[in-house]
Amino acid sequence: MSLGRVSVVRSLDSKATVGVKGAEQCLAGTPMIDDYIKTPEQIMDYLTRFSGLLPGDLDPATSPHHLIPLKRAYVKLRYLVDKGYIFVGHGLNNDFRIINIWVPPEQVFPSLLSSIPLCLSSSSSSLPGSLLAFLHSCPPND
């Protein structure tokens, strides 16, 4: 398995805003990161049902998306972990193992939503922000 896409969306309880005072726009529910990961491996199964990835999405020659190196996506996720964001989702231990990131147990909570590979959220006012994120992984062709 390898990481194919990282999507981070601010949760609906996010207090983040943009704009000038008096004309702020709430950013809750808006995308913050939507990165497609460049991979040298041939993908055997895109797991489209879960990932939304299609053949060609991760191929630099044919992808309609901007592709980034895995290291850049890793650094972004590592930053969120280090800032104390809470991760909520299905199969978190496997997703983090795939990308080799250790997350403290107090930052990880399982979800009943089995169709969401990974969600990351912080809804407590003592935490630095609120996010909802998805990691999409694909098995490489061996």
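**Exercises on a helix, a strand and two cores**

In helix α2, Ala 73, Leu 77, Leu 80 and Val 81 are buried (under 20% relative accessible area with a 1.4 Å probe and protein chains only, exposed being over 50% and partly exposed in between). The model is predicted, with local features needing pLDDT of at least 70 and side-chain atom pairs pLDDT 80 or more, while totals for chains, interfaces and linings use all residues. Residues are numbered from 1 along each chain as its sequence is written, and side-chain values use heavy atoms, without hydrogens and water.

**Exercise 1.** Determine how the buried residues of α2 are arranged around its axis.

*Solution.* Start with the element, a run of 13 residues (70-82) that reaches 18 Å from its first C-alpha to its last. The buried residues Ala 73, Leu 77, Leu 80 and Val 81 cover an arc of only 100 degrees around the axis, which puts them on the same side of α2. Finally, the face turned away from that buried side carries the exposed residues Lys 71 and Asp 82.

**Exercise 2.** Establish how strand β1 is enclosed and paired.

*Solution.* Eight of the eight residues of β1 (residues 2-9) are buried, so the strand is largely enclosed by the rest of the structure. Next, β1 pairs with strand β4 (residues 31-37) in the antiparallel sense over five bridges (pairing requires at least two DSSP bridges). Within β4, Ile 33 is the bridge partner of Val 8.

**Exercise 3.** Identify which elements supply the largest nonpolar core.

*Solution.* This core has 18 residues, and Val 6, Phe 96, Ile 101 and Val 103 have the most contacts inside it (a core joins buried Ala, Val, Leu, Ile, Met, Phe, Trp, Tyr and Cys residues through side-chain atoms within 4.5 Å). Each of β1, β4, α2 and α3 (92-99) supplies at least two of its residues, and α2 gives the most, with four.

Terms used
The expected span of a helix is 1.5 Å times one less than its number of residues. The arc is that of the directions from the helix axis to the C-beta atoms.
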